[in-house]
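Hi,

Here is the structure I promised to pass on to you. Please open it alongside this email and have a look before reading my notes.

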Amino acid sequence: MIVRYQHPQAAFRQLDGHFSREFERLVQLGFGRRPVQNSLRADVYTEGEDLVVTAAVPGVSPEDVTVELDGRRLSITAERRERETAEGDRYFVRGLTAGSFSREFTLPEGTTAEQLSADVADGLLTIRVTGAVRPAPEPTRIPVAGAKPTIKAESE
């Protein structure tokens with residue numbers, strides 16, 4: 001008889017992997033695009049009636065950041081340039097990746113370029129969409145017409 005030993009946490013690791021894949025799938029459905037390895041890390045939140053997108057762009061100058069609005073699609077592209085090195089310089093650890101990074105978001109219907117403002121400070125790109133958050137309309141009750149059912153008593 002062959003007895004197979006399975007570590008008690010193996011089932012939890014499988015479950016964690018399943019939840020991670022499902023979460024990634026839901027994120028793809030919510031934002032309409034699959035995050036790529038070189039995507040910008042970002043937060044999207046509201047401040048009053050404004051929608052705010054904050055993206056991490058450490059080491060990127062404002063000239064190397066592009067923000068575009070195409071219909072409802074907000075595109076952010078940033079490029080981190082490689083540091084110039086002098087002859088004889090050596091890296092022991094290289095963790096800052098040079099290259100282009102991008103991310104796209106779908107904004108609410110009716111958003112115009114005039115509502116957007118963008119600013120880079122302390123390694124964060126902040127994009128503010130003024131007046132993008134509108135309160136949800138109150139539900140309207142629709143009257144239902146029709147004849148009332150009649151219930152007849154059974155006679156004995």
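Below is what I found, going from the whole chain down to two residues.

Please keep in mind that this is a predicted model.

The overall picture first. The chain holds one helix and seven strands, and along the sequence the helix comes ahead of the strands, in the pattern α-β-β-β-β-β-β-β. Of its 156 residues, 19% count as buried. The accessible surface adds up to about 13,200 Å², and carbon and sulfur atoms account for 52% of that. As for contacts, if you take those between residues at least 6 apart in sequence, 56% of them join residues at least 24 apart.

Next, the helix. Helix α1 covers residues 10-31, and L15 is part of it. Together with F12 and F19, L15 makes a nonpolar surface patch of about 350 Å². L15 has a relative accessibility of 41%, so it counts as partly exposed; the band for that label runs between 20% and 50%.

Then a loop residue that you may like to click on. D64 sits in the loop that links β2 (50-56) to β3 (65-70). Is D64 buried or exposed? Its relative accessibility is 15%, and because buried means under 20%, D64 counts as buried. Which residues does D64 touch, once its neighbours within four places in sequence are left aside? They are T77, A78, E79 and R81.

Happy to talk any of this through whenever it suits you.

Best wishes

Conventions: Residues are numbered from 1 along each chain as its sequence is written. This is a predicted model: local features need pLDDT of at least 70, side-chain atom pairs count only at pLDDT 80 or more; totals for chains, interfaces and linings use all residues. Side-chain values use heavy atoms; hydrogens and water are left out. Patches are made of residues with over 30% relative accessible area and no salt bridge: like charges are joined within 9 Å, nonpolar side chains (Val, Leu, Ile, Met, Phe, Trp, Tyr) within 5 Å. Accessible areas come from the Shrake-Rupley method with a 1.4 Å probe; for residues, only the protein chains shown count as cover. A salt bridge is a side-chain nitrogen of Lys or Arg within 4 Å of a carboxyl oxygen of Asp or Glu. Helices (H or I, at least four residues) and strands (E, at least two) are DSSP runs, numbered from the N terminus. Buried means under 20% relative accessible area, exposed over 50%, partly exposed in between (1.4 Å probe, protein chains only). Contact means heavy atoms within 4.5 Å.
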